[in-house]
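Work through the exercises below with the sequence and the 3D view open. Try each task before you read its solution.

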Amino acid sequence: MSYDNTCKYLAENYPADFARWLLASEITDIQVLKTELNLEPIRADSVTFLQISSQILHLEFQTSPASTPPIDFRMLDYYTRLKRQYWCDIEQVLIFLQPTSSEIVFNTQYVDKKTRHEYRVIRLWEEDPTPLLANPALLPLATLARTDSPEDLLEQVAAAVDMIEVRDEKQNISACVQVLAGLRFDKNLIKQLFREEIMQESVIYQDILQKGLQQGLQQGEELGKKQEALELSLRLLTRRLGAIESQTEQQIRTLSITQLEELAEALLDFTSQSDVVNYLASISPPQTNQ
């Protein structure tokens, strides 16, 4: 299940609750903006933009500090794009969901020579759970908040979910709670405290399943394309130069789809194994497929 999709669902369906929590003020006029920005479009399941009067609240949720490009640069990139398009005040809040010792989660700015850009960082495991427990929309985040007794906290969240009177809202909040609680708690404990059928009936649960399936199919398609490009390149190299050394083959297996396609064209000019080695040394480091 997608933790990012869950957080995005909460922020976009309960924007006023998130704005009140993060901005500490009463919010009335609020609008969820599309996550595509001009120039080269950027979209991310974990990103939400809320327009509040003459201000934009940019929320980003992260389970892992690892990111390409790095998170600090991405925050600067979002800021400049939002500023260019809306030309208003922008408040950026980066929310880390899972404890880590990485220095990245303690960084609150991007610095590059004379460029400096600051943003706000929340590490949920350090947050007081009290205000989160008091708001149904924030109950899923409460499961990851600061506590000396995690199981007691989860029981408090479960009791608060049971207090929600509107059935649809109860189903969806319960589903979100169970998804995010999975970052911290054993699955069997979660099942003991929450009714699984309520989760399965919820809109967010069905949405998560659908998006997870779509992402899985897309990843499978990309893996299939890469495997096809890899097999073609190795087959052509073998026919042209004979058996390829194992170390060279391992380098080739790390190449991206684009690099494999370029290799398939370049190898037409190769006459020896050294041509392959020199070519691999000349190209850029392996790229990660998106």
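The exercises cover a sheet, a helix, the cores and some salt bridges.

This is a predicted model: local features need pLDDT of at least 70, side-chain atom pairs count only at pLDDT 80 or more, and totals for chains, interfaces and linings use all residues. Residues are numbered from 1 along each chain as its sequence is written, and side-chain values use heavy atoms, with hydrogens and water left out.

**Exercise 1. Trace the open sheet of five strands and find its edge strands.**

Step 1. Fix the terms. Helices (H or I, at least four residues) and strands (E, at least two) are DSSP runs, numbered from the N terminus. Two strands pair if DSSP finds at least two bridges between them.

Step 2. Read the order. It is β1-β2-β3-β4-β7, and the pairing is mixed.

Step 3. Find the edges. β1 (30-33) and β7 (120-123) each pair on one side only.

Step 4. Check the twist. On average, neighbouring strands are turned by 25° against each other, direction ignored. Axes are lines fitted to C-alpha atoms, for helices over the stretch in contact, and angles run from 0 to 180 degrees between N-to-C directions.

Step 5. Add the helix. Helix α2 (residues 15-23) packs on the sheet and touches β1, β2 (47-52), β3, β4 and β7. Its direction makes about 90° with that of β3. Contact means heavy atoms within 4.5 Å.

Step 6. Zoom in on one pair. β3 (residues 55-62) and β4 (residues 89-96) run parallel, joined by eight bridges. His 58 stands opposite Gln 92 in β4.

**Exercise 2. Test the span of helix α3 (residues 71-86), then list its buried residues.**

Step 1. Work out the expected span, which is 1.5 Å times one less than the number of residues. For the 16 residues of α3 that gives 22 Å.

Step 2. Compare. The end C-alpha atoms of α3 are 22 Å apart, so the span agrees.

Step 3. Sort by burial. Buried means under 20% relative accessible area, exposed over 50%, partly exposed in between (1.4 Å probe, protein chains only). In α3, the buried residues are Ile 71, Asp 72, Arg 74, Met 75, Leu 76, Tyr 78, Arg 81 and Leu 82.

Step 4. Find their partners. The buried residues of α3 pack against β2, β3, β4, β5 (109-112) and β6 (115-118).

Step 5. Look just past the helix. Trp 87 takes a positive phi of about 45°.

**Exercise 3. Locate the largest nonpolar core and the residues with the most contacts inside it.**

Step 1. Define it. A nonpolar core is a set of buried Ala, Val, Leu, Ile, Met, Phe, Trp, Tyr and Cys residues joined through side-chain atoms within 4.5 Å.

Step 2. Count. The largest core has 44 residues. Those with the most contacts inside it are Phe 18, Trp 21, Leu 57, Leu 59, Leu 97, Leu 124 and Leu 141.

Step 3. Look elsewhere. Another core, of 16 residues, lies apart from the largest one; Ala 229, Leu 230, Leu 255 and Val 276 are among its members.

**Exercise 4. Compare the salt bridges of Glu 12 and Asp 77.**

Step 1. Apply the cut-off: a side-chain nitrogen of Lys or Arg within 4 Å of a carboxyl oxygen of Asp or Glu. The structure holds six salt bridges.

Step 2. Take Glu 12. Its partner is Lys 8, with the closest N and O atoms 2.7 Å apart. Both lie in helix α1 (residues 3-13), four residues apart. Lys 8 is buried at 11% relative accessibility, while Glu 12 is partly exposed at 28%.

Step 3. Take Asp 77. Its partner is Arg 81, with the closest N and O atoms 3.1 Å apart. Both lie in α3, four residues apart, about one turn of the helix.
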